[in-house]
Amino acid sequence: MGVRSEEDLLDGVTAIDSEEGDVSDSLLIERVVSDAENGTATVIYVAKDSANNIVKVTRLLDAEKSGEETQTEEETDTETETDAAKTETDAAKESADTAGRRQETETERETETEETLVAGAPFITLTEEKVTITKGSTFEPLDYVATITDDSDNKYTLWRRVQIDGEYDTDTVGVYQLIYYVVDTSRNTSNHEKLQLTVKE
């Protein structure tokens, strides 16, 4: 996936607070997590209001497209608002009707990958999205947690509160999906990260 500058990733992205209005001046990119194997990158946007209420929104960018379709995605405007924050795409940049329809389809795909978190919610990332092991091997799910952050709980508390949904059997060949998330002591739920576990012969 071609490396985009921070300016490109922020282009057209705005943060709107229900009480304070436009707080886009506080909008930052916390991190970009690239997945070279799948040709994707996850961009994590962060914004806050004057009371330092923070919201994080993730956006999955897909590079496995033709040049024209990739350009269309880069030109998509995304507006972020929470509790006040929501996501809205502005398709006005495409003048042709066919391009507009293609952009609308792409926007629907992208919106499905986004999660809006409440202010103060923890955030979790994984080291891998896909893991393959040999039948009978040892598999430790927590080994694939990369980072957990929160505005109040420390990392030791958060690690004890990691939740993993999904079942797997290292003695049975198959493909299993695990979903990781964290619930902090304030009962705020983090984003959900997926790990695909493949057990082979």
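1. A starting point is Y168, which at 32% relative accessibility counts as partly exposed, a class that lies between buried (under 20% relative accessible area) and exposed (over 50%), computed with a 1.4 Å probe on protein chains only. The model is predicted, so that local features need pLDDT of at least 70 and side-chain atom pairs count only at pLDDT 80 or more, while totals for chains, interfaces and linings use all residues. Residues are numbered from 1 along each chain as its sequence is written, and side-chain values use heavy atoms, with hydrogens and water left out.

2. The whole structure holds two aromatic pairs, where rings of Phe, Tyr and Trp (its six-membered ring) pair if their centres lie within 6.5 Å, and planes under 30 degrees apart count as stacked, over 60 as edge-to-face and the rest as tilted. F139 and Y144 are stacked, at 5.6 Å centre to centre with 25° between the planes. F139 and Y168 have ring centres 5.1 Å apart and planes at 85°, so this pair is edge-to-face.

3. The pair of F139 and Y168 links distant parts of the chain, 29 residues apart, with F139 in the loop between β9 (130-134) and β10 (145-149) and Y168 in the loop between β11 (162-165) and β12 (174-182); strands (E, at least two residues) are DSSP runs, numbered from the N terminus. F139 counts as buried because its relative accessibility is 7%, and F139, Y144 and Y168 form one aromatic cluster.

4. Strand β13 (residues 193-200) is joined to β9 by five bridges, and the two run parallel, pairing being assigned if DSSP finds at least two bridges between two strands. Seven bridges join β12 to β13, which run antiparallel, and Y176 stands opposite L197 in β13.

Definitions and conventions:
Helices (H or I, at least four residues) and strands (E, at least two) are DSSP runs, numbered from the N terminus.
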